[in-house]
Amino acid sequence: MRAMVLEGVEDYNLREVPKPECQPHGILLKVMANGVCRSDWHKWHGHYSRNYPKILGHEMCGIVEEVGELVTRFKPGDRVMIPVSGSEGTCDMCKAGHGNLCESYLVPGIGYDGGFAEYVAVPYADRNAEYLPDNLSFEEGAILSCRYITGFKGIVETAKVKIGEWVAIYGCGGVGLAAIQTASKMGAFVIAVDIKDAALEIAKKVGADYIINSSTCDPVEEIKKITNGKGVDVAVEALGNKQVVVQCFNSLAKLGRLLQLGVTQLGPEGDASIPINPLVQGEFQILGSLSSPIQGFKPMLELVAAGKLDVKPLLTETCKLSEVENIFKRMDENDVVGAVVCNDFAN
Ligand SMILES: [Zn+2]
Ligand SMILES: [Zn+2]
């Protein structure tokens, strides 16, 4: 089969590799769409793990081609999406319902070969795959599998945004746009912050009430102006930039919550310097949130299938398998808006 294989830092090659074998507890997925995510870009640059060779891609959607003998939920021909938060089901976190924090770290493209390939062997499929509603495209499913669920679950489950609250979202990529749409639908006032006008335009489309281009002003000051000096109840960091973490913190009103969705660089270089006295004096909370356990996907999928949430504005481009590296190079230049999804695995 054809696959993009990462063979070293920025050493990325389209080549033939053996088709993976379906495991007894797994499915063989014919990949129809796989999103090009910023965390793939990190791996391409060698910022995180350096295990080679590796097939990246953790935002997969496709058709079940083969089913292992232990699988009960799926059959060949089913349309499925593969949630980014893979797990094996036996560790304490899994047993407590937090499969997204599983010790096995069965994330596609990290724990096993991922979706920048024609086929993927997905392990423990009964818990690591979900039906894709018929009225959603594979490309939409790819965005839902990682970026949308991250914004959705962070706003709904972790920050528990309430009607009438003020929410500022820093970073209007896929995760930030999902957070904006979800917060807006929940009845919050939403302020979107980004350095690109094109991203802010999409932010408006998905529900932002105010937009701030932080390349031309101090976003903390602007947020204070908009909120009559108070600040926001929830500030969402959807980028993974340590300076922006501090800006989020400084944007909070008393009793505010900082929702951290972006991951920064590994090691002390990624650490943010949070002012401690204001943390105590304002009774602020800092909340981390990582994708979602599998049971959190169902409510999101139902809302999207019913048209109450709409992923389409996030999908800005599609690309071929051979063009994925080019998208990473454009990410270097900050030249990508919204979500790009690979949906042509023959070219
Ligand atoms: Zn992703
Ligand atoms: Zn586990």
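Tutor: Two strands pair if DSSP finds at least two bridges between them. Keep that in mind for this predicted model.

Student: How many bridges join strand S11 to strand S12?

Tutor: S11 covers residues 232-237 and S12 covers residues 252-260. The two run parallel. The number of bridges joining them is five.

Student: Which residue in S12 is the bridge partner of Ala 235?

Tutor: S11 spans residues 232-237 and is joined to S12 by bridges. The partner of Ala 235 in S12 is Leu 258.

Student: Which are the edge strands of the open sheet of six strands?

Tutor: The order is S10-S9-S8-S11-S12-S13, with parallel pairing. Neighbouring strands are turned by 20° against each other on average, direction ignored. An edge strand here pairs on one side only. That picks out S10 (210-213) and S13 (285-288).

Student: Where does the largest nonpolar core lie with respect to domain 1 and domain 2?

Tutor: This core has 109 residues, and Ile 169 is among those with the most contacts inside it. Its largest share, nine residues, comes from helix H4 (138-158). Domain 1 (2-147 + 292-344) and domain 2 (160-288) both give residues to this core, so it lies between them.

Student: Leaving aside neighbours within four places in sequence, which residues does Ile 169 contact?

Tutor: Ile 169 belongs to the core just described. Beyond those neighbours, its contacts are Gly 176, Ala 179, Ile 180, Val 190, Ala 192, Val 193, Val 236 and Ala 238.

Student: How many nonpolar residues are on the side of domain 1 that touches domain 2?

Tutor: Twelve residues of domain 1 are in contact with 15 of domain 2. By class, the domain 1 side has three charged and two polar residues, and its nonpolar count is seven.

How values were computed: Residues are numbered from 1 along each chain as its sequence is written. Chains are lettered from A and ligands numbered from 1 in the order in which they are written. This is a predicted model: local features need pLDDT of at least 70, side-chain atom pairs count only at pLDDT 80 or more; totals for chains, interfaces and linings use all residues. A nonpolar core is a set of buried Ala, Val, Leu, Ile, Met, Phe, Trp, Tyr and Cys residues joined through C-beta atoms within 7 Å. A residue is buried if 20 or more other C-beta atoms lie within 10 Å of its own, exposed if 12 or fewer, and partly exposed in between; C-beta atoms are placed from the backbone. Helices (H or I, at least four residues) and strands (E, at least two) are DSSP runs, numbered from the N terminus. Domain bounds come from an automatic or database domain assignment. Two residues are in contact if their C-beta atoms, placed from the backbone, lie within 7 Å. Axes are lines fitted to C-alpha atoms, for helices over the stretch in contact, and angles run from 0 to 180 degrees between N-to-C directions. Ala, Val, Leu, Ile, Met, Phe, Trp, Tyr, Cys and Pro count as nonpolar, Asp, Glu, Lys and Arg as charged, and the others, Gly among them, as polar.
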